[in-house]
Structures are given as structure tokens and as C-alpha cells.
Amino acid sequence: MNNPRQLCLWVLSLICASLAACTTASLAPHRICSTSEARPWSLLGEIRWQHDKQFADTPVGGLSSIDYDAGSNLYYLVSDDRSAHGPARFYTARIEYDASGLHQVRLQNARPLLSPAQAPYPSHRQPVPGIATPDAEALRVLPGGQSLLWSSEGDFSRGFGPQLLQSGKDGHWLREWPLPPELHLPSSKTQGPRSNFTLEGLALSQDGRTLWLAMEAALRQDGALPAAEHSGGPVRITAYDMGTQQPARQLAYLPDALPADLWLQHGAINGISAVLADGPEHLLVLERSFAPPLRFGARIYRISTRADASSDTLGQTRLVPGSYRPADKELLLDLADAGLRSVDNLEGMSWGPQLPDGRRVLLLVSDNNFNPAEVTQFVALSEERGRCGTGL
């Protein structure tokens, strides 16, 4: 997430610059027990990149999503660089892991995302009339593997709202998908999405027929941002029919309250940073929290996408308590308990190939905000076969 509030944290964060040392770790299995009947998870390992890592003559950073394309055996990573350090772009990478650990993340290519003019997007410092500078937060490879769908949080200061965009795998612009009216640029200070809290997560259903598009936080008219001991207003997650490329229905998700010890911290936030299909009728939801100067948290929840499991809020101008039924959420794991050296700004989530014994592998990536006190963090978790016990 790139936004003005991070600028005021820059000086404070420099004192933590030592955290950015490049580290590769294949850690001993660390079992993470869910509060549910779901299987426990083990940490395969993590890899950290220093903030000044370079690739294709540009710094690598701002990685806000990760997606695996089985056809090419490549991972796709989008950067939320607003053409400041290099052109708005995405990367392809190969990631190597096995039951003994996470061994390597190797970038293969970097491609610019092109504007409707079929040219690299202009920098927000040198904007071009009629073209929004994107703030890319999510990217998925579409069925068939020939094109990409990605979201931009918008360019509010210049009058551009959030966008859902389709590009070729070479980055050329194809089309813009329609958004529900309630997600458009706000017409007043009390309506619509908040700047930098818009289109944050994308997920494709297992059968490829449905796309899920998640906001980061509630619309202004739907409620406040999370506070201490008070969850935020409902966050809208919209389902698209992949055949028509039109919104089909929508569900409401209630984010966690901020931890009690964070509520006095100006700038503390919590919201959705990624979503991922989990079987035919469920989504994983990654909630990411932040408090100055550099305190991050992340939890993964599981929700049902069945039509009878929550209200359809599509077309509702305002969501007030009692007018809708939110999705029930089940905590799968808190990354604070995963055995990591620390939890950074985790924003991307993808399944990778299963291990030879059939265990699923979940991969996460963090956005370092091009900040020398943060890291680009890759995390690999394996889903265990047994239930939680006394640990390994």
C-alpha cells in the first residue's frame, strides 16, 4: 500500500533498517493450531529480500499480490509502484520448495502494465491528462492463462476512482470491467469508498466461473474503520459472473477490531489485504493490520460463499446493522503464531503446487513499501493431515 500516511513514518522507520537484511530461511516445522476443526498448518520457511534488491534495473518492492499459473509453472507478482521507482509493472518468478523447506524465489521477468494508450503508465509525479496513475493491489491469471485481471485502488486526487482492469500476459491493455455503482468514485465526503481503502483482493473460484473482488475497508456510508474493541463497518466482497464479466452478487464481511493497545496509535488500521478461493464454496480472507511506526499483524479467516450463508448486498446503497447478514468467519491462523522472525506487511496469497504427499501449500508475500526498514517477505505454509495436538 502506497499512501501519504507512510511518508510521516519514514524517518521513524529508518531506525529499524537493520531488519531489511537479506535472509533465506528454511525453518524447522512449526505447527499452527486453528481454533476450528480445520487442519493445522506447518511453516515450511520464509525468504526475505533487502529493500534495495534490483531486477531489470529497477528496485523490487511494493509486491501486493501473488498468483500461481500451473500452465507455465510461474508465479505472478504485481507491484503497487505508482510508476515512481520504475514503470507500473508485474513480475514472473519461480519458487522452489519441498517438504524440507522453502528454498528459493527467483524472478524471471518484469513487464510494464500498459495504459489504454498501450504505453507504460505515467508517474504520479508527471501525470498525463485523462490517464489515471494506477495503484495495483491484486492480480490473477485468468482461466486459459492468456490474460491477467488486476485491480487499482484509484487516483483519487486527480478524480479517478478504483478500477478493475484486464491485460494480456505481455502487459498490454485489453479492457476495463464494470464496478457496482456503490464502488465508484465518491460524490461526497460521506459516500463511497475511502481513498486507498478500495480494491485490495481478487480470487477465482475453483471452477473458474466466479471472480471475487474484495474491498479493503467499509464504504463511508457503511460504517467506520476498525477501532479498539470495535470491528469496522462491513467490507463488501463482490462476485462476478466470469461469462458476462458483470457483478452478480455481493457479501458483507466484518473485519476485526484493532487490538486494545493500538487504539491510541494515530494511523493504526486493519482491513482485507487478499482473498483466495478455498474449495468450491469457501474463501480465505487475509486481514492485515498496521500501527506506527512498524507494527504489522496478519490473520487468515475462512468464510462460506454459499448464497444462503450471507445476505446479497449488491445494489444496497447503505448497509446498516439489521439490514444484512454478514458472512460468518472462522479463524484459521494468526501469523504471529507461525514461527516467523516477524510479520511484515503481508498483502498477497496463493496456493502453490501440492507437496508429493498431497499436502497443500499456501504462499504469502509482503509489500515493503520501498521502505528500508521493511522487507519483502515470502512465506510458505503446508496444511497438515492430522488435527492439532501437542505440537511437533
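1. The largest cavity of this predicted model has a lining of 15 residues, and those nearest its centre are S65, A138, R140, A274 and E347. Its volume is about 60 Å³. With a threshold of 30 Å³ or more, the count comes to one cavity.

2. Five strands, β6, β10, β14, β18 and β22, each contribute at least two residues to the lining of the largest cavity. The greatest contribution to this lining is that of β10, with four residues. By residue class, the lining of the largest cavity comprises six nonpolar, five polar and four charged residues.

3. The second largest pocket has a volume of about 600 Å³. Its lining consists of 26 residues, of which D67, Y68, L204, S205 and W351 are the closest to the centre. Two or more lining residues come from each of β6 (63–69), β10 (136–141), β14, β18 (269–277) and β22 (346–352). The lining of the second largest pocket divides into 11 nonpolar, nine polar and six charged residues.

4. Strand β14, which contributes to the lining of the second largest pocket and to that of the largest cavity, also belongs to an open sheet of four strands. The order in this sheet is β14-β15-β16-β17, and the pairing is antiparallel. β14 (199–204) and β17 (246–253) are the edge strands; each has a single partner strand, so one side of each lacks a neighbour in the sheet. On average, neighbouring strands of this sheet are turned by 25° against each other, direction ignored.

5. The antiparallel pairing of β14 with β15 (residues 210–215) extends over five bridges. Within this pair of strands, G201 stands opposite A214 in β15.

Notes: Residues numbered from 1 in each chain as written. Predicted model: local features only at pLDDT ≥ 70, side-chain atom pairs only at ≥ 80, totals over all residues. Heavy atoms only, no water. Pairing = 2+ DSSP bridges. Axes fitted to C-alpha atoms, helices over the stretch in contact; angles between N-to-C directions. 1 Å grid on protein atoms, 1.4 Å probe; cavity = no way out; pocket = protein on both sides within 12 Å on 5 of 7 lines; lining within 4 Å. Points joined across faces, edges and corners; volume = space filled by probe spheres on them. Nonpolar A, V, L, I, M, F, W, Y, C, P; charged D, E, K, R; others polar.
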